[in-house]
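Good morning, colleagues. I should like to take you through one structure today, beginning with its pocket and ending with its surface.

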Amino acid sequence: MKKIGWSILIGLLTIVSLNAQETVNDNEKEEITFMPKHIIKIFPLSALVGEIGIGYERVIKPKTSLNFVLFQAFDGPDFDNSISERRYQLFFETGIRRYLSKRKKAPEGWFVSGGLLTEYNYNKLKNKTNNQITDIERLWVGASVRTGYQWIFKKALKGMSTEIVGGLDYRTATGIFDGGNVHEINVNINFTIGYSW
């Protein structure tokens, strides 16, 4: 009778330990395959030149995400000692990203994106020699094309992300305020640090 009891106890312990190993393996698989759906980003290089930027990315399909960027800038440096400049800028961009890596899902890996942008600028220029003041106020609309690479940290610094992105912006002044029929094409290169969940 004792042998039967010990056999049942050893059998139950074996089943429990095998079940626990399977649960641990399932948890490890979930950690490896887990990809975040949301990322909030900041732009540290832009902060060095007086621009405060925040971004948000939302995964909508395994290889596709929506990306939103908002920038605000105040006074910039005066490069000309004879002119004093007061500046205010508000920039908003929204776009769709497509991730190209075959083995990785959004929001990780190489991506291309296209989007729409709008920008409001107000510049107040004062000539220090004759005290002449010029106000320039513009509302811009346009489009952007970007490419870059995004890393998601899964073990060390879990939840952190970083990306390098560059591309072109095309914008045109609407003529609502000042200076209609002005067009610009700008090269845009940036670096972000973010938190994903």
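How do the residues of the lining of the largest pocket divide into nonpolar, polar and charged? The division is six nonpolar, seven polar and six charged. Please bear in mind that we are looking at a predicted model.

Let me place that pocket in its setting. The protein chain has 197 residues, and 30% of them count as buried. It contains two helices and eight strands. Read from the N terminus on, the elements follow the order α-β-α-β-β-β-β-β-β-β.

The largest pocket itself has a volume of about 420 Å³. Its lining is drawn from several strands: β3 (64–73), β4, β5 (109–127), β7 (160–173) and β8 (183–196) are the elements that give two or more residues each. Of these, β8 supplies the largest share, namely six residues. In total, 19 residues line the largest pocket, and those that lie nearest its centre are E51, Q89, E119, R171 and N188.

I turn now to the surface. A nonpolar patch of about 630 Å² is formed there by I40, I54, L70, L90, F92, Y195 and W197. Consider one of its members, L90, which belongs to strand β4 (residues 83–99). Is L90 buried, partly exposed or exposed? L90 has a relative accessible area of 35%, and therefore counts as partly exposed. The cut-off for patch residues is over 30% relative accessible area, so L90 passes with its 35%.

To close, strand β4 appears in both parts of this account: it gives residues to the lining of the largest pocket, and it holds L90, a member of the nonpolar surface patch.

Conventions
Residues numbered from 1 in each chain as written. Predicted model: local features only at pLDDT ≥ 70, side-chain atom pairs only at ≥ 80, totals over all residues. Heavy atoms only, no water. Patch = residues over 30% accessible without salt bridge, like charges linked within 9 Å, V, L, I, M, F, W, Y side chains within 5 Å. Areas by Shrake-Rupley, 256 points an atom, 1.4 Å probe, with all protein chains shown as cover. Salt bridge = Lys/Arg side-chain N within 4 Å of Asp/Glu carboxyl O. Helix = DSSP H or I, 4+ residues; strand = E, 2+ residues; numbered from the N terminus. Buried < 20%, exposed > 50% of the residue type's maximum accessible area, 1.4 Å probe, protein only. 1 Å grid on protein atoms, 1.4 Å probe; cavity = no way out; pocket = protein on both sides within 12 Å on 5 of 7 lines; lining within 4 Å. Points joined across faces, edges and corners; volume = space filled by probe spheres on them. Nonpolar A, V, L, I, M, F, W, Y, C, P; charged D, E, K, R; others polar.
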